[in-house]
Amino acid sequence: LPGNSATGGYDVANSLRFNSASDDNLSRTPSSASNRKTFTISVWVKKANLGATQTIIDARIDSNDNCSIFFNDDDNIFIKFKVSPTSQNTSLTTNRKFRDVSAWYHIVLAVDMTQGTDTNRVKFYVNGVQETSFSSATYPDQNLDLMLNVNSDFTTRIGRYPTSSTLYFDGYMCETAVVEDAQLDPTSFGEFDDNNVWIPKDLSGLTFGSEGFYLKYEDTSDAGADSSGNGNNFTGS
């Protein structure tokens, strides 16, 4: 990661490689429901190829109830929520394209469905800067329950879109976390160094919530081990 050698910087020792040709992914089914209105997702990713739709995180019960973050085949970032019975779609597609395969991108999706202003309900950041230019943007209704940590029928997958055999992530991920009960700014996860490069911060002081998790990918025998203290481990495939 950038800044790992910076004086006083937080050193990220490990990442996890996802090979789309091998269908690599991680998955977890929660044991109980949790906060579906307020949460933050944070992940560092490094792409290995361009021009292909690649799933970063997908959480769902089925095709009518899901929450997903992708790189699409135009190399934009695409965020989608879908909730039944209204089948209301929420989606954001960046105008900006992400085509640097040598770079780490830090993606933060910060959600608070109780906010009165629709654009404040879903905030999206890349490398510490909020994305505000979208080719398409549909924001959710206030107080909608989204598809995250719903119940035992629900599965969160990292690197895989379950209804397709082709949309696996291809590249590297590190410092993957979900924080419940808070819509956090990216400064909870990273900071700008003296050269104005966005670098990671130590997450050990965060409160992740009962169904939140923090994947450091440091256990070579158990890639999906949770470091949040909750024991919300993922299963590797």
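**Exercise 1. Place strand E9 among its partners.**

Task: Starting from the residue that stands opposite Val-126 in E9, work out which strands flank E9 and how they run.

Solution. Ile-107 is the residue that stands opposite Val-126 in E9, and the model in which this pairing is read is a predicted one. The next step is to find the strand that supplies this partner: strand E8 covers residues 105–112, and five bridges join E8 to E9 in an antiparallel arrangement. Turning to the other pairing, strand E10 (residues 129–130) is joined to E9 by two bridges, and these two strands also run antiparallel. Within that pairing, Tyr-125 has Gln-130 of E10 as its bridge partner. The hairpin of E9 and E10 has two residues between the strands, and Asn-127 takes a positive phi near 50° there. Finally, for the surroundings of E9 itself, four of the five residues in this strand (residues 122–126) are buried, so that the strand is mostly covered, the cut-off for a buried residue being under 20% relative accessible area.

**Exercise 2. Decide whether Lys-47 is buried or exposed, and find what its side chain contacts.**

Solution. Begin with the location: Lys-47 belongs to strand E3, which spans residues 38–47. Its relative accessibility is 2%, and because the cut-off for a buried residue is under 20%, Lys-47 counts as buried. Next, list the residues that touch Lys-47 once its neighbours within four places in sequence are set aside; among them are Gln-54, Phe-71, Asp-75, Phe-98 and Phe-169. Two of these contacts can then be examined at the level of polar atoms. The side chain of Lys-47 makes a polar contact with the side chain of Asp-75 at 3.0 Å, and a polar atom of the Lys-47 side chain also lies 3.0 Å from the backbone oxygen of Phe-98. As a last step, consider the sequence distance: Lys-47 and Phe-98 are 51 residues apart along the chain, while their C-alpha atoms are separated by 8.9 Å.

**Exercise 3. Describe the largest nonpolar core and the surroundings of Ile-56.**

Solution. The largest nonpolar core has 39 residues, and those with the most contacts inside it are Val-45, Ile-56, Phe-71, Leu-109, Ile-158 and Met-173. Taking Ile-56 and leaving aside its neighbours within four places in sequence, one finds contacts with residues including Val-43, Val-45, Ile-69, Phe-71, Ile-107, Ile-158 and Met-173. Apart from this core lies another, of 16 residues, which includes Tyr-10, Leu-184, Phe-189 and Phe-208. As background, nonpolar side chains tend to be buried together in soluble globular proteins. For the chain as a whole, buried residues make up 50% of the 237 residues.

**Exercise 4. Characterise Asp-202 by its location, its accessibility and its polar contact.**

Solution. Asp-202 is found in the loop between strand E15 (198–200) and strand E16 (213–215). With a relative accessible area of 44%, Asp-202 is partly exposed. Its side chain reaches the backbone nitrogen of Ser-204 at 3.0 Å. In addition, Asp-202 and Gly-190, twelve residues apart in sequence, lie 8.2 Å apart from C-alpha to C-alpha.

**Exercise 5. Find where the confidence is lowest and where it is highest.**

Solution. First take the whole chain, which averages a pLDDT of 87, with 88% of the residues scoring at least 70. Then compare the elements: confidence is lowest in strand E7 (residues 88–94), at a mean of 83, and highest in E10, at 97.

Conventions: Residues numbered from 1 in each chain as written. Predicted model: local features only at pLDDT ≥ 70, side-chain atom pairs only at ≥ 80, totals over all residues. Heavy atoms only, no water. Buried < 20%, exposed > 50% of the residue type's maximum accessible area, 1.4 Å probe, protein only. Pairing = 2+ DSSP bridges. Core = buried A, V, L, I, M, F, W, Y, C linked by side-chain atoms within 4.5 Å. Contact = heavy atoms within 4.5 Å. Polar contact = N/O pair within 3.5 Å; in protein donor to acceptor, adjacent residues only side chain to side chain. pLDDT = per-residue confidence, 0-100.
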